[in-house]
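Please read the following explanation alongside the sequence and the model. It begins with a single residue and then widens to the whole chain.

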Amino acid sequence: MSTTSLVKGTALPASAPLPWSGLLALSTAAFTAVLTELLPAGLLPHMAPALGVPEARIGFLVTGYAVASFAAAIPLTALLRGLPRRPVLVGTLLGFALSDAAVALSSSYTLTLAARLVAGCAGGTLWAMLAGYAARMVPPERRGRAIAVVLAGITLALSLGVPAGTALAGAVGWRTAFGVLAAAAVLLVGWTHARVPGFPGEAPHARVPLTRVAVLPGVPAVLSVTLFLLVGHQVMYTYIAPFAAHAGFGRTGLVLLLFGAATVVGIWITGLLVDRRPRTALLGALGLCAAVMPTLGLAAGVPGVLPVSVALWGLAFGGAPTLIQTALVDVSGPERADLATSLQTTVYNAGIAVGSLTGGVVLSGPGAGALPWTALPLVVVALTVVALNRRNAFPSGRHSS
């Protein structure tokens, strides 16, 4: 099928406009998930006294969410794969709403942590669904742009949502901020029900075992690129503050702002290229990431080099997840995308954890100056995998299945 897609049993012409309302609802779901996950990180001094625990234990609220998301993505996706897709999607949003409401009302750290674990399970399920859902809403020729629209919610949450949520909490209190987030999730349920199409779950006779999805041609290559890129990226990004201080650039807030703004530009450019030149765009993004690392390692202390390099890094990294996830949906097929993406969600979180740990070891040993040189070979491996896997995983043109 190359010129039509089936939505609710109706052929959708390739020239049909994107279903913007439904895609933006999915993008808002991604925004909500990221904001729910990361908001406690900016509220440590406010939440700790109210819950009667040290600030470090408030940090565990973010860790707990990530661990639950990591652990739940594959089993919950496999368990729910036979159910109609929209009710499952709505269920994840209700999970965020209930979790955020419980956090807003709770005076018990144990209850708050339990609510965060619920949100993490909802997040793991949601991330496994989003790309495949977007792909099924459009013809194959526009699949990449649809995924880019949805994943833009992540970028906007990181660059705008988390700072805005933290500012709101400072103005009206952290409980009110979580209450607003819970109410927004409830409203999103209505939007999703009205504008996101329903799709059937997988029929029993059509279900492919997870192990077979994992070894489909191209899937291992895409997952390995995800892992190596995320480990390399996280080695640097987690410790950008001490690296900036090492380079004599003490304005960490400005560095993060430049990175965030550049990722927004990167995902916009990716949306223009992903359906026409996906391989070229991904090679360019990874190549630019790789080029930035030795520049930071050799010349970060030179005036102007650090902010410009960070902006280029953000530009390159901003579009990479969309390009990689589109490649994964292409090689797995939209009908198996949820399972394939659940594997990628697990690999993604593993990459974050391993990268953060590796960067911490390097920072404690050789020091901040060694961070770019640690990240460089990891990004080069990701670039090499893409370059060597033209046939199945990263072809020059888009798959039309």
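Cys289 is buried, its relative accessible area being 3%, where buried stands for under 20% relative accessible area, exposed for over 50%, and partly exposed for what lies in between (1.4 Å probe, protein chains only). This is a predicted model, in which local features need pLDDT of at least 70 and side-chain atom pairs count only at pLDDT 80 or more, while totals for chains, interfaces and linings use all residues. Residues are numbered from 1 along each chain as its sequence is written, and side-chain values use heavy atoms, with hydrogens and water left out.

Cys289 belongs to helix α12, helices being DSSP runs of H or I with at least four residues and strands runs of E with at least two, both numbered from the N terminus. Apart from its neighbours within four places in sequence, Cys289 has contacts with Trp313, Ala316, Phe317 and Val379, a contact being heavy atoms within 4.5 Å. Arg251 lies 38 residues from Cys289 along the chain, and 22 Å separates their C-alpha atoms.

Trp313 also appears in the largest nonpolar core, which has 58 residues and in which Met236, Leu306, Trp313 and Phe394 touch the most other members; such a core is a set of buried Ala, Val, Leu, Ile, Met, Phe, Trp, Tyr and Cys residues joined through side-chain atoms within 4.5 Å. Among the elements that give two or more residues to this core are α9 (219–237), α12 (278–299) and α15 (371–388), and the most comes from α13, with 11 residues. Leu306, when residues up to four places away in sequence are not counted, touches Phe243, Ala244, Ala247, Phe249, Val255, Leu296 and Ala300. A second, separate core of 42 residues includes Leu93, Leu126, Ala131 and Ala185.

Turning to the whole protein, there are 15 helices and 2 strands. The radius of gyration is 21 Å, close to the 21 Å from the globule rule for 401 residues, so the protein is as compact as a globular protein of that length; the radius is taken over C-alpha atoms, and the rule is 2.2 Å times the number of residues to the power 0.38. Along the principal axes, the C-alpha trace spans about 60 × 50 × 35 Å. Buried residues make up 52% of the 401 residues, and, of the contacts with a separation of 6 or more, 86% come from residues 24 or more positions apart.
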